[in-house]
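This briefing sets out the main structural features of one protein chain, grouped by topic. Please read it alongside the sequence and coordinates.

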Amino acid sequence: MRIAWSPELKLFAILFALMTLGLPVASGKDVAMSYWTDTYVKIAIMTFAIASLARAPGDFALAARAFVLAGMLVAGVAISNAANEIGLVEGTRVTIDRDIGSVLGDPNDLSLVLLFPLSFAVALVLTPRTGLLSRGFGAIGAVLIVMAILETQSRGGLLGIVAVLAFT
């Protein structure tokens, strides 16, 4: 497999190198190293992996469906948690596995995570040459994801829904 290399990836590599070179001169070396190992390295690996794997239009279509499916699964858990009153914050705001320190344990983070597959679901619905099955899949995904975002009661999530729908 050949790694895709574009001007955008070159800029990303320069940014990543600058962040790496900045580690020794950071005022909080332990915090900087923690962010670098916990976040930036993963972002770099996934950026190059995704850029190399999706090369043909069919690959992008498959990735869009996979993102929507993942969003539907997360939304399903969120809706189930809301219906069963599991892990609620402030008595009404849904989370996922807050008690074990999950990344989705904050309602605002959960709604942010759900906005990404929502945009792909809306794209599946609105793309002209998409088949009926893909449009239906996207519509069901969009409805489930919007329901889950509404259960988080996140103002940012609501603004994100407006932004996704207004951009279309």
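A polar contact is a pair of N or O atoms within 3.5 Å; within protein, one atom of the pair must be able to donate a hydrogen and the other to accept it. In this predicted model, the side chain of N81 offers an example, with a polar atom 2.9 Å from the backbone oxygen of T95. The protein contains 6 helices and 0 strands, and its core residues are drawn in part from α3, α4, α5 and α6.

**Overall architecture**

- Read along the sequence, the elements follow the pattern α-α-α-α-α-α.
- The C-alpha trace spans about 50 × 45 × 30 Å along its principal axes.
- Of the 168 residues in the protein, 30% are buried.
- The protein exposes about 10700 Å², and carbon and sulfur atoms supply 70% of that area.
- Among contacts with a separation of 6 or more, 58% are accounted for by residues 24 or more positions apart.

**Nonpolar cores**

- In soluble globular proteins, nonpolar side chains tend to be buried together.
- The largest nonpolar core here has 21 residues, and those with the most contacts inside it are A78, L110, L114, L118, I145 and I149.
- At least two residues of this core come from each of α3 (57-83), α4 (107-126), α5 (132-152) and α6 (155-167).
- Helix α4 gives the most to this core, with 7 residues.
- Leaving out residues up to four places away in sequence, A78 touches V94, I96, L110 and A148.
- A second, separate core has 7 residues, including F12, F16, L23 and W36.

**Buried positions in helix α3**

- G71 lies in helix α3 and counts as buried because its relative accessibility is 3%, where buried means under 20%.
- Residues up to four places away in sequence aside, G71 touches L114, P117 and I145; L114 and I145 are among the residues with the most contacts inside the largest nonpolar core.
- The C-alpha atoms of G71 and L144 are 8.6 Å apart in space, although the two residues are 73 residues apart in sequence.
- N81 also has its place in helix α3, and its relative accessible area of 9% makes N81 buried.
- Beyond its neighbours within four places in sequence, N81 is in contact with I86, L88, V94, T95 and I96.
- Among these partners, T95 provides the backbone oxygen that lies 2.9 Å from a polar atom of the N81 side chain.
- V94 and I96 appear in the contacts of N81 and also in those of A78.

**Loop positions**

- T130 is placed in the loop between α4 and α5 and counts as buried, at 18% relative accessibility.
- A polar atom of the T130 side chain lies 3.2 Å from the backbone oxygen of T127.
- T130 touches L124 and R135 when residues up to four places away in sequence are not counted.
- E85, in the loop between α3 and α4, has a phi near 55°, a positive value in a residue other than glycine.
- E85 counts as exposed, since its relative accessibility is 62% and the threshold for exposed is over 50%.
- Q153, in the loop between α5 and α6, likewise has a positive phi near 55° and is a residue other than glycine.
- Q153 is partly exposed, with a relative accessible area of 41%.

**Surface features and helix α2**

- A nonpolar surface patch of about 440 Å² is made by L11, I14, L18 and L21.
- L11 is found in helix α1, which covers residues 7-21, and at 58% relative accessibility L11 counts as exposed.
- S34 is found in helix α2, which covers residues 29-53, and is partly exposed, with a relative accessible area of 34%.
- The C-alpha atoms of S34 and L69 are separated by 31 Å, with the two residues 35 residues apart along the chain.

Methods. Residues numbered from 1 in each chain as written. Predicted model: local features only at pLDDT ≥ 70, side-chain atom pairs only at ≥ 80, totals over all residues. Heavy atoms only, no water. Core = buried A, V, L, I, M, F, W, Y, C linked by side-chain atoms within 4.5 Å. Buried < 20%, exposed > 50% of the residue type's maximum accessible area, 1.4 Å probe, protein only. Helix = DSSP H or I, 4+ residues; strand = E, 2+ residues; numbered from the N terminus. Contact = heavy atoms within 4.5 Å. Patch = residues over 30% accessible without salt bridge, like charges linked within 9 Å, V, L, I, M, F, W, Y side chains within 5 Å. Areas by Shrake-Rupley, 256 points an atom, 1.4 Å probe, with all protein chains shown as cover. Salt bridge = Lys/Arg side-chain N within 4 Å of Asp/Glu carboxyl O.
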